[in-house]
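Got your viewer open? Load the model and get ready to colour by residue range.

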Amino acid sequence: MNPLEVLAGIETQTLQPLAQRTDAEGRFPRETISALGETGLLGLVSAASVGGQGLGLKEAAQVVSRIAQTCPSTAMVVCMHYCATAVLEQFGPESVRRAIANGKHLSTLAFSEADSRSHFWAPTGTARADGSNVVLDARKSWVTSAFEADSYVWSSKPLAAEGASTLWLVDAKSDGLSQPGRFDGLGLRGNASTPITAKDVRIAAGARLGEDGKGFDTMMGVVLPWFSVLSAACSTGLMEGALSRAIGHVSQTRHLHLDSSLADLPTVRAYLAKARIKADMAQALLDDTVAAIGAGRADTMLRVLEVKAAAAESALEVTDIAMRVCGGAAFRKEAGIERLFRDARASSVMAPTSDVLYDFIGKAITGLPLF
Ligand SMILES: Cc1cc2nc3c(=O)[nH]c(=O)nc-3n(C[C@H](O)[C@H](O)[C@H](O)COP(=O)(O)OP(=O)(O)OC[C@H]3O[C@@H](n4cnc5c(N)ncnc54)[C@H](O)[C@@H]3O)c2cc1C
C-alpha cells in the first residue's frame, strides 16, 4: 500500500469538501474517519499478523502531515489513534488489535486530568480492585475523539504497585463515563476534545495495559516518541497548508493601478521566505527524529523532546506570517488561513507543552534528571 496515494482519493471525496464545515460546526469528521477505516489507513501501524498494514512511524507521520494540510482537526484525531494503537500493539488484546487493523475501531489517549493538568505523567484518577474487576474514577480534562472513539488508553494511579501510573484499555461505552461539557474551542474544533468524568467505571482487571505501576515507562518509552513525532507532523502539514494558501493568494492578487501582484512586493516575499525556512527546518528535524528513533541513535531522546516544540512554535510563526502577507483577505473564512492560524495554537499547549519541553531539553543538555 502507498498510504499517500490512498489518501489522495479521500482528500477529494471527504477531507477537502468537509474541512470548513468540520471547523464551523465543531463537528467530528466521521465521514473521513470512516473512509480512513475502509481504506486501511486506520490500520496503518497495526501488525500484518492481525491484518494491519504493518507500517511504522515514518508512514504515520506522512499521513498525519498530509491530512493536516487540509484539516488539522482530522489529523489530530488520527495522530491520537496511532499513538493509542502503538500502546495497544504492545499490550492490547488481539480482538481490539484486529478491529483497529480492519478499520473498525478508533482509539485515543485519555491522559490529561483536571487536577494535574498538562503534567500527564502524574494522574490523580484512581483504580481500585473489586473482585475480578477494577473500578476507575477520574476527571479527564481533555480527550481528543471523546465519545466518538471506541476505546480510550486510560491512565490512573497504580492499583497496588509503586510507581506514577498504570494504563488501562477502557471501552468508550462503559457505564459511568460522562461528558461534563461540550468542546467549543478556538482551534481543532472538529476533534471532540471534551473532558470525560469517570465515576465508578467498572472494567475487567485484564484490561490493564502493561504492568501495574509501569504506566510511566510506557508513556515515556512508547507514547512520547509517537506523540511528539505525530504532533510535529500535524504542525508541519499545517504549515504547508498555510504556506500554499498564502502563496496562492499573493501570487494571484493584484493591485491593478500598479499592474503588480502582492508577490511583487519584496516585503511580502521576505516574510514568505522566512516562513519557508521555518517550515523546512521543522521538517528536517522531523525527518531526523524519525531516523534517530529508527536507528536507536544516542541522541534520540533529545530529538524527541525537540521536535514537537520546534514544529509547534514554527507553526505559530508560519501561520502568523500567512495571516500578515494576505492582509484582510486572510480574515475571511473562505481563504482557510485563519482556520489554520487557530488550529496551530493547540500544539504548543498540548502536553508536553512547549514550555515544559524547553525545561526538559534544558535539563537534558545540562545533565540534570528530567523528573
Ligand atoms: C485541542 C486539544 C486536544 C487535546 N487532546 C488530548 C488528548 O487526546 N488526550 C489527553 O490526554 N490530553 C489532551 N489534551 C490536553 C493537553 O495535552 C494538555 O494537558 C492541556 O492542553 C494542558 O492545558 P492546561 O490548561 O491544563 O495546562 P496547565 O498545566 O494549566 O498549563 C498552563 C501553562 O503553564 C505552563 N506550564 C505548566 N507546567 C510547566 C512547567 N513545569 N514548566 C514550564 N511551564 C509549565 C504550560 O506550558 C502552560 O503554558 C488536549 C488539549 C487540546 C488543546
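Here is a short tour of one domain interface.

Before clicking, note that this is a predicted model: local features need pLDDT of at least 70, side-chain atom pairs count only at pLDDT 80 or more, and totals for chains, interfaces and linings use all residues. Residues are numbered from 1 along each chain as its sequence is written, and side-chain values use heavy atoms, with hydrogens and water left out.

**Stop 1: the domains.** Colour 3–106 as domain 1, 110–212 as domain 2 and 216–365 as domain 3; such bounds come from an automatic or database domain assignment. Taken over C-alpha atoms, the centres of domain 1 and domain 2 are 22 Å apart.

**Stop 2: the interface.** Select the contacts (heavy atoms within 4.5 Å): 24 residues of domain 1 meet 18 residues of domain 2. Between them the two domains bury about 1600 Å², with 62% of it on carbon and sulfur atoms. Buried area here is the accessible area (1.4 Å probe) that two parts lose on being put together, summed over both. Now show F28, F91 and L106 as sticks: in domain 1 they lose the most area to domain 2, together 28% of what that side buries.

**Stop 3: the salt bridge.** Which residue forms a salt bridge with E148? Pick R30: the closest N and O atoms of the pair are 3.1 Å apart. The rule (a side-chain nitrogen of Lys or Arg within 4 Å of a carboxyl oxygen of Asp or Glu) finds one salt bridge across the interface of domain 1 and domain 2.
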